[in-house]
Amino acid sequence: MASSTTKPAAAHKVPELKNLTIDNITENVHRINSQCADPRLKYVMERLVTHLHDFARETRLSFDEWMAGIQFLTQVGQKCTDVRQEFILLSDIVGLSLLVDSIDHPKPPSSTEGTVLGPFHTHDAETLSPGSQISADPAGTPLLVACTVKTTSGKPLSGVKIDIWETDSKGKYDVQYEDRGTNADGRAIVTSDEQGVFWFKAIVPVPYPIPEDGPVGRLLEKLGRHCWRPSHMHFMFEKEGFDHLVTALYVRGSDYETTDAVFGVKDSLIVALETVTPEQAKEYNVAEGTQLLTYDFVLVTDEETKKLRHDEAVKAMKNLGREGMIIVNGLPVPDVD
């Protein structure tokens, strides 16, 4: 085993750092990171270090505050489990999740907007046949969900994998119960048919609080913010050749519709529930008076998204006055030529 005192090889010469001060520490960090072979990572680290250092200088960050931040992030990590992602929750409540999704998955006006994934998506949902019941909660208000999925040109899309998840009538996801075991509830995977139609039976979503028993919940309390989300149901769409879509539908008139704790609500995703007609009750084999949710989802092709991402990146670089940048796969990197 090599000694920890072994000098770096000549190919990894480290720039000399001298006379480090508040004013020059940032440029020195950039110098020592400048040997990174990955131009995108090099650029991301340059901007991250710049903004972090500027934040510390602008706020005159104290050592105690810095240590409190370290401890907070440590606690966030310790709260994460296989079925709860506290870091995603933190990203959600500061608006970063929605921002990153909007940047990485730009949408033309005719398509369905994305929103936050949330911390409770799992990969163990069962694939169900059309018309299946996804919730076993007897206390929930019955809901028929009948939707379509199409291209931006209006062509029905068949064979789309749709991942769905919602809470029970108490506002809890199945993974929040200690006795959940291996049985997923309130979640399922369905597939669109030849007409782009998919339908299933569920329960009417209810408002619910995001987890308050962790560091993110304590931060919200200190900020004087509530922890509630409006009634909604999550949807995730996957089909080869189309941009991955993570979205949700929000029930119009729900409490917290305009003050969502994780900034997930968008006007185009708010839907009014209806009541099934006698004809629909017979067609879908549901009781008359069942609540009805309908929506026409529109997916964007990978090519459409790639062009939008490129155009938006070019625009962003111009706004920042960043010369000498090139766009690779929609991401700005330094031009090394």
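Is Tyr256 buried, exposed or partly exposed, and what is its relative accessibility? In this predicted model, Tyr256 has a relative accessibility of 29% and so counts as partly exposed, since the buried class ends under 20% and the exposed class begins over 50%. The residue sits in the loop that links strand E8 (245-251) to strand E9 (270-271). Its backbone also deserves a look: phi of Tyr256 is near 70 degrees, a positive value although the residue is not glycine. As a rule, most residues other than glycine have a negative phi.

Asn285 makes a natural companion to this residue. Here, too, phi is positive in a residue other than glycine, with a value near 60 degrees. Asn285 lies in the loop between helix H7 (278-284) and strand E11. With a relative accessible area of 61%, Asn285 is exposed, because that value is over the 50% cut-off.

It helps to step back to the whole chain at this point. The protein chain contains eight helices and 13 strands. Its C-alpha atoms fill a box of roughly 80 × 45 × 45 Å along the principal axes. Of the 337 residues in the chain, 39% are buried. The chain exposes about 19200 Å², and carbon and sulfur atoms supply 54% of that area. Contacts between residues at least 6 apart in sequence were also examined, and 68% of them join residues at least 24 apart.

Strand E11, which follows the loop of Asn285, leads into a sheet. This open sheet has four strands in the order E4-E1-E11-E10, and its pairing is mixed. Strands E4 and E10 (274-275) form the edges, each pairing on one side only. Strand E1 (residues 142-150) runs antiparallel to E4, and seven bridges join the two. Strands E1 and E11 (residues 291-298), in turn, run parallel and are joined by eight bridges. Val145 is a handy place from which to follow both pairings: Val145 stands opposite Phe200 in E4, while its bridge partner in E11 is Leu293. Although E4 is an edge strand, five of the seven residues of E4 (residues 197-203) are buried, so the strand is largely enclosed by the rest of the structure.

The helices offer a packing example of their own. Helix H3 (residues 63-79) and helix H6 (residues 215-223) pack with their axes 9 Å apart and at an angle of about 135 degrees. That angle makes H3 oblique to H6. Phe72, Gln75, Val76 and Lys79 make the contact on the H3 side, and they meet Pro215, Val216, Arg218 and Leu219 of H6. Sorted by class, the contact comprises five nonpolar residues, one polar residue and two charged residues.

Within this contact, Pro215 of helix H6 can be followed in further detail. Its relative accessible area is 5%, so Pro215 is buried, the cut-off being under 20%. Leaving aside residues up to four places away in sequence, Pro215 touches Phe72, Gln75, Val76, Lys79 and Glu86. A final distance places Pro215 with respect to Lys306: the two residues are 91 positions apart in sequence, and their C-alpha atoms are 37 Å apart in space.

Definitions and conventions: Residues are numbered from 1 along each chain as its sequence is written. This is a predicted model: local features need pLDDT of at least 70, side-chain atom pairs count only at pLDDT 80 or more; totals for chains, interfaces and linings use all residues. Side-chain values use heavy atoms; hydrogens and water are left out. Axes are lines fitted to C-alpha atoms, for helices over the stretch in contact, and angles run from 0 to 180 degrees between N-to-C directions. Angles under 35 degrees count as roughly parallel, over 145 as roughly antiparallel, 65 to 115 as roughly perpendicular and the rest as oblique. Contact means heavy atoms within 4.5 Å. Ala, Val, Leu, Ile, Met, Phe, Trp, Tyr, Cys and Pro count as nonpolar, Asp, Glu, Lys and Arg as charged, and the others, Gly among them, as polar. Buried means under 20% relative accessible area, exposed over 50%, partly exposed in between (1.4 Å probe, protein chains only). Accessible areas come from the Shrake-Rupley method with a 1.4 Å probe; for residues, only the protein chains shown count as cover. Two strands pair if DSSP finds at least two bridges between them.
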